[in-house]
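Reader: I'm new to reading protein models and would love a guided tour. Could you walk me through this one?

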Amino acid sequence: MRKVVITDRRSSIRKYFQQENADAKFIMLNENVKTLSLKEYLLKRLGIKEITRNDMSGEHAESFKREFCKIMRSLNYANNSIEWWAMNFTNKNPLMSKLFENIFYILSLQRFMADFPDSSLIILSDNKILARQLRFWAMANNVTFYYDISVKFNVKEFLINYTPLSNILIFFKILTHKFLSSIVLERITNEKAEKLAIITQFEKRSIIKNGLYKDIYFGDFKELLKDLHLIKNLPILTVGYSACNFIDFIVSLKKNSRNADIYPMEYFIKINAILRIIVIFFKRYFAFLHITNDYKIQDFPFPVLLQNEIKHSVYSGQLIVNMSVYFSMLALSQNYKITGLWYPFENRSWEKMLLLACKKGGQGINIFGYQHSSVIQKHLNFCLEPGEYNELPMPNQIICLGEVTKNILEHWDFPKNIIRTGCALRHREMQGICQPKIKIKNILVTLASDLQEYVRVLIFLDAALGDDASYDVVIRPHPVISFKKALGIFNPKYLKYRLSESSLEDDMKYCDVVLYASSTVCLDAISIGRPVIYLGLDDFLDSDPLFNFGILKWNCSKPGELVELIKKIDVLKKCDIHNMRQSASEYTSRYFGAVNKENLSKFIF
C-alpha cells in the first residue's frame, strides 16, 4: 500500500521507509536545518529519488495563479470592509501570506499522487497547517497518511498563538510612540493652512550622515520639487510608519535642524482611536471574521486555510498595526488641511488603510501612488482582472518609475488613464564603470527577497562552484535581511566566498558577472554592461525582475550547468557583447526614468 508521510524527523523515515523504498519519492517544500539533513539522508543512505517543486507543479502554476487571483477578487469584493483590508493576505502577495503557497502545494501534491498511484511520497516540511489539510485529503482518498513534525517550544510563538499578550505590547508601543513624539518633536503650527504630505516608512537606513533624514522611497523628492519650483510655497509633511528603533530615530531627527516637518504616524492618532482599536482587536480575537461562502479552487474548498490566515492576521498583530495606520491617517486628514499626498505604491494592506482614511476624513485630497521599484511575476498584488481596479481602495494616479513598469501594469489590467510614466527617484546612474570585456574571474552574487532565498542560493552555489577555485565570489546580502541566519540553516561546505563590505558602485566595478535570484541589482548591472545570470531556485513563481527582457542575461536552473554557462559567456565575440550592452542600456533607460523637471512634473497634482 502506498504511503504519504509529511515530516522533518529522521525517525519517521526509518520507521516507515527503511524496508520498502523502491517505489518511494520525496519532495522538500521548505529548507531548514532538519529538512536539509533529511534530504541528504534520503539521497545518500536510502537512495530515494527526489522530485523538485517544479516537477510537482509542472505547467499548472500559471493557470493556478489566474484562478487564485480570480477567487481572491471575489473574496475581497464580498468582504469589503476596513477590518478585511487590514489583513495582509487580502493583497494576494505570496511574500506576505502563506495562503497561495499552501493551496498550491495541496493541489499539486494531490495531482502528483493521482498521476503516480503506485508511488509512496515523503514530504519534507515543518508546515503543520499543510499537514492537517493533507490528512483530510488522504482520509477521503483511502491513502495511508502519517504526520510527524517535530514540536519545539518557542516562547514567542506561544505568546502569539495562545495569548493576547504580544498584541497588548503593540498597544503600549503605539501609546509610547504617541507620547514620545508629542514630547520630543515640535508641534505642527497653523493646522488650517494648506499642506502637502509624503507618507512613507522609517527605517534605520533613513538616517544618513550627520543624522540627516533621507527617504528610503522618495530620496530627495521634497528638495527637488522646491528647487525646480514645481509646487507653490507649501509645507510638505513627511509622515512615516516606524520600522526601526523608535527612540534612536526621533532623537536623530531632533539633532539635525534640517529634519523639519517629519513625524511618525502615531503622532497624529487620538487616544479614543487607540481604545477603539483595542475593542476591535478583542472582538476579533474571540470571534474571527466568518466567511460564509464555500470558496473553491479546482474543486478544493479552502475555508480552513482561509480561517487560519484570518487567525494569523489577528494574533500576529497585523490587524492592530494596520488599523493604527487607518486611525492615524484619519486624524491627519481630519485635523490638517492636506490637499495633496504621495505614498509608495505596492497595493499593500497599510496603503488601503491610508486611502480609506483619507477618503473618509479628507475633503478631495489628491492622492498619488509612486510605483517605486521593479515588478516581478511573483508580485500578485499587482495582478488585477479587468475592472478590478475600481473595486479596490486605490489612489487617483499611479506614477511609475519608468516606461517599462508602466507598460507591465497596463498589461496587468491597471487602467491606462490612471498610470503615468515618472522617474526613478532612488536610482543613481552608474557612469564610467563599463570596461572592455575580459575573462570572467570575479562573480558578484546579490541576495534580496527573504531568508529562504538566501538559503537556496547558498545551496545552489555550493553545488555549482564549491570545488572550482577559478572564480572569486563576493556575496552582497540585502541590508535588512540577516545573512548570519541563513548560515544557521545552511553553511556551505565547499563554496569559497567573502561578503561585500563595499558600495554597490564599487561592487559593480569589481565584478565581471552578476548572479541573482530576485534582486533589482540585475538592472543596475546590465545598465553598465555587466552580464547577469538568473538563478532558477526551483520556485513555482518567477521572481526575475528581467522576466520580459533577455539580452545580456542568461538563465541557469541547475547547479551543474553554471560553470559551463559562464564559459559560454566568456567566448562571446566582442561585437556581440557590444550590441548586447547597447540594447541593455536602452532598456534600463526606459525602466528607470530620468530625474528631470519634465518627469518630476508628472508628480504634480
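Author: Happy to! Let's begin with one pairing: Leu196 has Gly340 as its bridge partner in β11. Keep in mind that this is a predicted model.

Reader: Which residue stands opposite Leu196 in β7?

Author: Strand β6 covers residues 194–202, and β7 covers residues 236–242. These two strands pair in the parallel sense over seven bridges. In β7, the residue opposite Leu196 is Ile236.

Reader: Through which helix does the chain cross from β6 to β7?

Author: The path from β6 to β7 is a β-α-β crossover, and it is right-handed. The helix in between spans residues 221–227. That helix is α10.

Reader: How many of the nine residues of β6 are buried?

Author: A residue counts as buried when its relative accessible area is under 20%. Strand β6 is largely enclosed by the rest of the structure, because most of its nine residues meet that cut-off. The number of buried residues is eight.

Reader: Let's move to β2. Which of its residues are buried on the side that does not hold Lys25 and Ile27?

Author: Strand β2 runs over residues 24–28, and five of its five residues are buried, so it is largely enclosed by the rest of the structure. Both of its faces are covered, with Lys25 and Ile27 on one of them. On the other side sit Ala24, Phe26 and Met28.

Reader: What is the bridge partner of Phe26 in β3?

Author: β2 pairs with β4 in the parallel sense over five bridges, and there Ala24 has Ser120 as its partner. β2 is also joined to β3 (residues 49–50) by two bridges, again parallel. In β3, the partner of Phe26 is Glu50.

Reader: Which helix does the chain pass through from β2 to β3?

Author: This step is a right-handed β-α-β crossover. The helix on the way covers residues 33–44, and its name is α2.

Reader: Which element gives the most residues to the lining of the second largest pocket?

Author: That pocket holds about 990 Å³ of space and is lined by 32 residues, with Met28, Lys39, Glu50, Ile459 and Ala463 nearest its centre. The elements giving two or more residues to the lining are β2, α2, α3 and α17. With seven residues, the top contributor is α2.

Reader: At about what angle does α17 run to β15?

Author: Helix α17 spans residues 451–465. It lies across β15, β16, β18, β19 and β20. Its angle to β15 is about 155 degrees.

Reader: Which strands stand at the edges of that open sheet?

Author: Six strands form the sheet, in the order β17-β16-β15-β18-β19-β20, with parallel pairing. Each edge strand has a single partner, so one side of it is left without a neighbour in the sheet. The edge strands are β17 and β20.

Reader: Which residue in β16 stands opposite Leu444?

Author: β15 (residues 442–446) and β16 (residues 472–476) pair in the parallel sense over five bridges. Opposite Leu444 in β16 is Val474.

Reader: What is the relative accessible area of Gln582?

Author: Gln582 is found in helix α22, residues 574–591. Its C-alpha atom is 8.0 Å from that of Gly529, although the two are 53 residues apart along the chain. Gln582 is partly exposed, with a relative accessible area of 44%.

Reader: How much space lies in the second largest cavity?

Author: The count of cavities of 30 Å³ or more comes to three. Residues lining the second largest include Asn76, Trp85 and Glu388. The space in that cavity is about 50 Å³.

Methods. Residues numbered from 1 in each chain as written. Predicted model: local features only at pLDDT ≥ 70, side-chain atom pairs only at ≥ 80, totals over all residues. Heavy atoms only, no water. Pairing = 2+ DSSP bridges. Helix = DSSP H or I, 4+ residues; strand = E, 2+ residues; numbered from the N terminus. Contact = heavy atoms within 4.5 Å. Axes fitted to C-alpha atoms, helices over the stretch in contact; angles between N-to-C directions. Buried < 20%, exposed > 50% of the residue type's maximum accessible area, 1.4 Å probe, protein only. Right-handed = clockwise from strand over helix to strand, strands pointing away. 1 Å grid on protein atoms, 1.4 Å probe; cavity = no way out; pocket = protein on both sides within 12 Å on 5 of 7 lines; lining within 4 Å. Points joined across faces, edges and corners; volume = space filled by probe spheres on them.
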